[in-house]
Structure formats: structure tokens, C-alpha cells
Amino acid sequence: MRTPVLAFTPPDVNFTYCDDTQNVSFVITNNGDGIAYNVWTIVDFSAFTVSNVSAGATYKSGAGRFELTNPL
């Protein structure tokens, strides 16, 4: 049986007072020998607006999650 093993390191996010934008990025990798389907990353950005999500992912604000559109 092949098993996906997903890994990522959450980035440190610091906001500068009176600055209304902050670029944040992170990489999710599959270190396993199986394919990972329907990958979600749950986040709490309820106080913020998420925009300009990279190709290959979507952000579902109502669910508080990023969804990868392709298997890893």
C-alpha cells in the first residue's frame, strides 16, 4: 500500500502597523510514496482578506481553508 506523507512549515507572519498588505507563502510537499488527493490546509484568517492565491490552489473563506486543485 502506498501512503502520502504531507509536510509543510507554517510561515512566520508579521504585520507592520498601518500597512494593509502582507505577502505570505508556504509550500506543501508529499514525502510519501503515494499520491495525496483533495488536500486541504485549514487556517484561521477570519480577521483578514485573502487574495491573489497562486495557481493550483483556491481559498475557501467560509470554510477557512486552502484547497489544492491537483494531487500531490
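**Exercise 1. Overall form**

What radius of gyration does the chain have, and what would a compact globule of 72 residues have?

*Solution.* The model is predicted. Start with the reference value: a compact globule of 72 residues would have a radius of gyration near 11 Å. Next, take the chain itself, which has 14 Å. Then turn to the box filled by the C-alpha atoms. Along the principal axes, this box is roughly 50 × 25 × 20 Å.

**Exercise 2. Secondary structure and contacts**

State how many helices and strands the chain has, and give their order.

*Solution.* Count the elements: there are 0 helices and 5 strands. Read from the N terminus, the order is β-β-β-β-β. Now look at the contacts with a separation of 6 or more. Of these, 47% join residues 24 or more positions apart.

**Exercise 3. Burial and surface**

Find what share of the residues count as buried, and what surface the chain exposes.

*Solution.* Take burial first: 15% of the 72 residues count as buried. Then take the surface: the chain exposes about 5,900 Å². Carbon and sulfur atoms supply 50% of that area.

**Exercise 4. Threonine 41**

Place threonine 41 in the fold, decide whether it is buried or exposed, and list its contacts beyond four places in sequence.

*Solution.* Locate the residue: threonine 41 sits in strand β3, residues 40–42. Check its accessibility. The relative accessible area of threonine 41 is 9%, so it is buried, the cut-off being under 20%. Now set aside the neighbours within four places in sequence. Threonine 41 is then in contact with Phe8, Phe26, Ile28, Gly64, Arg65 and Phe66.

**Exercise 5. The salt bridge**

Identify the partners of the salt bridge and classify each as buried or exposed.

*Solution.* The structure holds 1 salt bridge. Arginine 65 pairs with glutamate 67. Their closest N and O atoms are 2.5 Å apart, and the cut-off is within 4 Å. Next, test each partner for burial. Arginine 65 has a relative accessible area of 19%, so it is buried. Glutamate 67 has 17%, so it is buried. Finally, link back to Exercise 4: Arg65 is also one of the contacts of threonine 41.

**Exercise 6. The largest pocket**

Describe the largest pocket by its volume, its lining and the strand that gives the most to that lining.

*Solution.* Begin with the volume, about 850 Å³. Then take the lining, which has 26 residues. Val24, Val50, Ser51, Asn52 and Phe66 lie nearest the centre of the pocket. Last, find the leading strand. Strand β5, residues 65–68, gives the most to the lining, with 3 residues.

Technical notes:
Residues are numbered from 1 along each chain as its sequence is written. This is a predicted model: local features need pLDDT of at least 70, side-chain atom pairs count only at pLDDT 80 or more; totals for chains, interfaces and linings use all residues. Side-chain values use heavy atoms; hydrogens and water are left out. A salt bridge is a side-chain nitrogen of Lys or Arg within 4 Å of a carboxyl oxygen of Asp or Glu. Buried means under 20% relative accessible area, exposed over 50%, partly exposed in between (1.4 Å probe, protein chains only). Helices (H or I, at least four residues) and strands (E, at least two) are DSSP runs, numbered from the N terminus. The radius of gyration is taken over C-alpha atoms; the globule rule is 2.2 Å times the number of residues to the power 0.38. Contact means heavy atoms within 4.5 Å. Accessible areas come from the Shrake-Rupley method with a 1.4 Å probe; for residues, only the protein chains shown count as cover. On a 1 Å grid over the protein atoms alone, a cavity is a set of points where a 1.4 Å probe fits but cannot get out, and a pocket is an open set with protein on both sides within 12 Å along at least five of seven lines; lining residues have an atom within 4 Å of a point. Grid points are joined across faces, edges and corners, and a volume is the space filled by probe spheres set on the points.
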